[in-house]
Structures are given as C-alpha cells and as structure tokens.
Amino acid sequence: MTDRSEYSESINLHNEHAGKIEITSKVEVNTVEDLSVVYTPGVSEVCRAIADDETRANTLTARGNMIAVITDGTAVLGLGDIGPKAAIPVMEGKSILFKQLANVDAFPISLDTKDTEEIISIIKALQPNFSGINLEDISAPRCFEIEKRLIEELDIPVFHDDQHGTAIVVLAALINGLKVVENEDINAKIIINGAGSAGIAIAKLLLEAGYKNITLVSLEGVLSKSETWLNSTQREIAEYTNIDNQRGTLDDVIQNADVFIGVSGPKALTKEHIKIMNDNPIIFALANPTPEIYPEEAYEAGASVVGTGRSDYPNQINNLLAFPGIFRGVLDAQTQHITTDMKIAAAKAIASTIEDDELNTNYVIPNSLDKRVVEQVSESVKKCVRNHEEVLVK
C-alpha cells in the first residue's frame, strides 16, 4: 500500500519549485557580440538557411531533439477526466523522464478542448516545432481516431503511450513470465480485462507477436462478434480474438486461463477466479493505484508470477521502460513512423535485459530506472529502421 506521506511530499515538492520543469539556455548571452549572434542580426542567416532547406531546422534549432507531450486531460492516471490544467503535473513529469533517461527534450502541452477534430488540427499546426508527438491521457475511443489521423497526416512519429507503451511492456513481461512458468506456448489462454485504449492495444500487439488465444472483457461483458454494444474499435478487435466466441462476463471466460492481464479497475479479479485458472497462472494486475488484485492475495490463490503497475511491489509493469528508448531511437534514425515491428523489437529488448538465469517469480521485468533499457530499446528501434531501408534498397 502507498504511504500517504508520499502524497504530501509530492505537494510540497511541486509547491516549492512551482512545478518540475523550466527552460534553460544552451548558450550564454553576456555581451553585445553574443546578442548579435544569438538574435539579430546574425539569426537572420539561420532563418534564411532553413527557408532554403527546411530539413536544416533539425540541426539549426532544438526541433531535431524536441517532442511534444500532449493531453486533453480526459484520462489522467486513475483520476479520469480532471481537465487540462490538472493534467499538467503528469505532463511535466513525463517530460523530465524523457530528458533524464533518454536525453530527449520534451515539452508539455495541455489542450483545453475535447473535440477530436480540433485536437487533430491543433497538433498538426504545432508540427513545425517538434520531431515527434507523444499523446498522453486522452480518453477512449477518441484517442484511437486522434492517433490514427495524426499518423496518416503528419510526417513525424506519433505515439499514444497509454496504448502502445503499456502494450510493449506487457509483452516484455509476458515473454519472461512464460519462461518462468515454462509455458511458452503461443496458444496459451490470455484474458485481458479492460477493453479501452490499453486493453485493445495490448491485444493487437500480442496478436502481432504470435499469441493466438486472446479474449477481452469490458465492463459491458466479453467482447464477441455477436454483441451489438461494441464500439467500432472493439468490433474490429473482436474479429481476431475470443476464438470460441464466448459471451458473458469475466466469470465465464477465466476458467483454464493461463494469463490474466488487467487494465481495468480495483478488485476486478478475485481469489476464486485464480483458483479456476490453469496451474501456475500469470497475473498482471495493472490498475493503479489499486490493482485488480493485490499480489499477496494472488499468490495465496495459486498465482506463479504477479506484476502490477506499482513501484512498491516486484515486477512493476511501467511504460517508463518503453517510451524514452522508443523516441530516442526514432529521433536518432530520423524516421517518420513507429511501426509494429519496432514495438515488438522494443518488447524483446526490454525482456532480454534480464538474462535467462536471472529470471524468477519476482523478476520478470527490469527496474523502471534500469539505464540499460533505454539504450537497448533505442538500438532495437534503429535496427528495425536499418533493416527496412536495406529491404527497400534490395
């Protein structure tokens, strides 16, 4: 359980520093000569150079290493729709992590609109300033359309971290978790509880990685092609999941499952659920701060590997393992898109940070601040880009 003192310490820290970030200068301006080079008249030549060749903005300005962390404040942590101003502390925190872990400059932007078209239009207009867009804490199903359109209409990488960051780290933990329980069967029965942005992204990535037996469950029930209440994104994923076309609730599909992945809400999974799963089940209870089931309860019910989204338990499944390295890699490679191959390669890179002989029940995913991870993830992304370019040349 989280110590309540952490909350008061966080308030005190933010109050003391008036937030967590500031803008600093890379150069000093101490003399008239400095001023003439940094600003007018010298800067006019830099402007002309970029006007003649816009790609030089990436080397003559901060743009080449600058991304935007953008939200509308509608799905912030476990707090929900708390508004754009209340979302700023999270965006600031994300920006710090980009810088400290991957030396990526990131700028937090909270938009005071929930209109899908307006959000897309604003971000498109901001494109000249950034070499990448990290979408954050935007509620489903709007987040799907926003990301899809931006990927199609921008020529810089766009990444909705709540979807893909979560999916990448879950895949990494699953790869290692299945090794620990000696069940690397691609037909392992996987239940994903939660069919919003994260749940659907996890299902898509696991399918792309080769896992075949996946069933999603939402608050309304099991996702099935037969159901009429599915939204368009759920209807699409239902075509490739729930191979037995089961209907009902979690109670109806959890029996004989090998893996439970929760991206839903507190206490959604019970000991009774785990007891009717297959032997040595894997439980990833990622609702935060209160998971679908606490690890001690899951182990008491027979779980073999348990992960949560919390830092006070082993096996923290944290997006922090993915997004800094992903963006470091795409910025270095100067690629326009983040592909499925990159996501799978990133997951494998995260998993491989732990040697096979180091794996155990309490260590299937690296520590969120493990400095090896960013380098390995970024290298895996750059390798994907090189391989793709080689294929095109051939």
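**Note on helices H5 and H14, the aromatic pairs and the nonpolar cores**

1. In H14, the buried residues are Phe-323, Pro-324, Gly-325, Ile-326, Phe-327, Arg-328, Gly-329, Val-330 and Leu-331. The helix is thus mostly covered, with nine of its 11 residues buried. Just after H14, Gln-334 has a positive phi of about 55°. The model is a predicted one, and this applies to every point below.

2. Helix H5 covers residues 84-102, 19 residues in total. From its first C-alpha to its last it reaches 26 Å, close to the 27 Å expected at 1.5 Å a residue. There is nevertheless a bend of about 25° at Val-90. Just after H5, Asn-103 takes a positive phi of about 55°.

3. Which residues of H5 are buried? They are Pro-84, Ala-87, Val-90, Met-91, Glu-92, Gly-93, Lys-94, Ser-95, Phe-98 and Ala-102. Val-90, where the helix bends, is therefore among the buried positions, as the cut-off is under 20% relative accessible area. Glu-92 and Lys-94 also belong to this buried set.

4. Four aromatic pairs are found in a search of the whole structure. In one of them, the rings of Phe-98 and Phe-327 have centres 5.5 Å apart and planes at 85°, so the pair is edge-to-face. This pair links distant parts of the chain, with Phe-98 in helix H5 and Phe-327 in helix H14 (residues 323-333), 229 residues apart. Phe-98 counts as buried because its relative accessibility is 0%. Phe-327 is buried too, with a relative accessible area of 0%.

5. A tilted pair is formed by Tyr-294 and Tyr-313, at 6.4 Å centre to centre and with 50° between the planes. Tyr-294 lies in the loop between strand S9 (282-285) and helix H13 (295-300), and Tyr-313 in the loop between strand S10 (305-308) and H14, so the pair ties together parts that are 19 residues apart in sequence. Tyr-294 has a relative accessible area of 11% and is buried. Tyr-313, at 16% relative accessibility, counts as buried as well.

6. Ring pairs also join Phe-98, Phe-159, Phe-323 and Phe-327 into a cluster. A charged residue of H5 meets one ring of this cluster: Lys-94 lies over the face of Phe-323, at 4.2 Å from the ring centre. Both residues are in the buried sets of their helices, Lys-94 in H5 and Phe-323 in H14.

7. Where does the largest nonpolar core have its most contacts? This core has 89 residues, and those with the most contacts inside it are Ile-133, Phe-284 and Ile-350. Its largest share, 10 residues, comes from helix H8 (residues 161-180). Leaving out residues up to four places away in sequence, Ile-350 touches Ile-168, Val-169, Ala-172, Leu-321, Ala-322, Ile-365, Pro-366, Val-373 and Val-377. Apart from the largest core lies another, of 18 residues, including Val-222, Ile-254, Ala-285 and Val-306.

8. Leu-359 is placed in the loop between helix H15 (340-352) and helix H16 (371-393). Its relative accessibility is 15%, so Leu-359 counts as buried. Leu-359 and Lys-179 are 180 residues apart in sequence, yet 8.2 Å apart in space, C-alpha to C-alpha. Not counting residues up to four places away in sequence, Leu-359 touches Asn-176, Lys-179, Val-180, Ile-354 and Val-364.

How values were computed: Residues are numbered from 1 along each chain as its sequence is written. This is a predicted model: local features need pLDDT of at least 70, side-chain atom pairs count only at pLDDT 80 or more; totals for chains, interfaces and linings use all residues. Side-chain values use heavy atoms; hydrogens and water are left out. Helices (H or I, at least four residues) and strands (E, at least two) are DSSP runs, numbered from the N terminus. The expected span of a helix is 1.5 Å times one less than its number of residues. The bend at a residue is the angle between axes fitted to the seven residues ending there and the seven starting there. Buried means under 20% relative accessible area, exposed over 50%, partly exposed in between (1.4 Å probe, protein chains only). Rings of Phe, Tyr and Trp (its six-membered ring) pair if their centres lie within 6.5 Å; planes under 30 degrees apart count as stacked, over 60 as edge-to-face and the rest as tilted. A charge sits over a ring if NZ of Lys or CZ of Arg is within 6 Å of the ring centre and within 35 degrees of the ring normal. Contact means heavy atoms within 4.5 Å. A nonpolar core is a set of buried Ala, Val, Leu, Ile, Met, Phe, Trp, Tyr and Cys residues joined through side-chain atoms within 4.5 Å.
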